[in-house]
Amino acid sequence: MKRIISLLILILTSIFLIQAQNNFKKGYIVEDNDTVYGYIHYENTFKNSEKCLFRKSFDSNIVTYKPYHINAFGFIEGSKYESKQLGDDIFGDTYFLECLYKGP
């Protein structure tokens, strides 16, 4: 009986983890002033600062963009992230930073 309950808990946990990994929301990427609409994997701000997982449709393959590949990405009903270099040219690194407010 304990084995059955343990197996059931393991299966349910696996199902929830698999569903949690497919959290794509409508969004867009900006490449050299060209905006491409599709779906972006929604994660926390820390993970979004390192990479952007993008697909044009739910049937297409997932493309991983780093901050030095694209200028920005954002969610249709949500936040926008811009590629910015932190530090100097020698010791700095490029990240996606969440744009909270953009002035004139």
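**Exercise 1. A charged network**

Which side chain meets that of Lys80 in a salt bridge? Find this partner, and then follow the salt bridges outward to establish which residues are linked in a network.

*Solution.* The model is a predicted one, in which local features need pLDDT of at least 70 and side-chain atom pairs count only at pLDDT 80 or more, while totals for chains, interfaces and linings use all residues. Residues are numbered from 1 along each chain as its sequence is written, and side-chain values use heavy atoms, with hydrogens and water left out.

Step 1. The partner of Lys80 is Glu82, with a separation of 3.6 Å from N to O; a salt bridge here is a side-chain nitrogen of Lys or Arg within 4 Å of a carboxyl oxygen of Asp or Glu.

Step 2. Glu82 also forms a salt bridge with Lys84, where the closest N and O atoms are 3.7 Å apart, and Lys80, Glu82 and Lys84 are thereby linked in a network.

Step 3. Consider accessibility, for which buried means under 20% relative accessible area, exposed means over 50%, and partly exposed lies in between (1.4 Å probe, protein chains only). Glu82 is buried at 11%, whereas Lys80 is partly exposed at 29% and Lys84 is partly exposed at 39%.

Step 4. The structure holds three salt bridges, and one of them joins the side chains of Lys47 and Glu43 at 3.9 Å, N to O. Lys47 counts as partly exposed because its relative accessibility is 41%, while Glu43, at 17%, counts as buried.

**Exercise 2. Order and edges of the sheet**

Determine the order in which the strands are arranged in the sheet, and identify the strands that stand at its edges.

*Solution.* Step 1. The protein chain has two helices and seven strands, where helices (H or I, at least four residues) and strands (E, at least two) are DSSP runs numbered from the N terminus. Along the sequence these elements follow the pattern α-β-β-α-β-β-β-β-β.

Step 2. The seven strands form an open sheet in the order 4-3-2-1-5-6-7, with antiparallel pairing; two strands are taken to pair if DSSP finds at least two bridges between them.

Step 3. Strand 4 (63-65) and strand 7 stand at the edges, and each has a single partner strand, so one side of each is left without a neighbour in the sheet. The twist from one strand to the next averages 40°, where axes are lines fitted to C-alpha atoms (for helices over the stretch in contact) and angles run from 0 to 180 degrees between N-to-C directions.

**Exercise 3. The surroundings of strand 3**

Describe how strand 3 is paired on the side of strand 2 and on the side of strand 4, and state whether its faces are covered or open.

*Solution.* Step 1. Strand 2 (residues 34-41) and strand 3 (residues 52-55) pair in the antiparallel sense over two bridges: Tyr39 stands opposite Arg55, and Ile40 stands opposite Phe54.

Step 2. Strand 3 is joined to strand 4 by three bridges, and these two strands also run antiparallel; the bridge partner of Phe54 in strand 4 is Val63.

Step 3. In a regular strand the side chains alternate between the two faces of the sheet. In strand 3 both faces are covered, with Cys52 and Phe54 buried on one side and Leu53 and Arg55 buried on the other.

**Exercise 4. A nonpolar patch**

Identify the residues that make the nonpolar surface patch of about 230 Å², and describe the contacts of Tyr95.

*Solution.* Step 1. The patch is made by Leu86, Tyr95 and Leu97. Patches consist of residues with over 30% relative accessible area and no salt bridge, like charges being joined within 9 Å and nonpolar side chains (Val, Leu, Ile, Met, Phe, Trp, Tyr) within 5 Å; accessible areas come from the Shrake-Rupley method with a 1.4 Å probe, and for residues only the protein chains shown count as cover.

Step 2. Leu97 lies in strand 7 (residues 93-99) and Tyr95 is also found in strand 7. Leu97 is partly exposed at 33%, and Tyr95 is partly exposed at 31%.

Step 3. Leaving aside its neighbours within four places in sequence, Tyr95 is in contact (heavy atoms within 4.5 Å) with Ser49, Pro67, Glu82, Ser83, Lys84 and Leu86.
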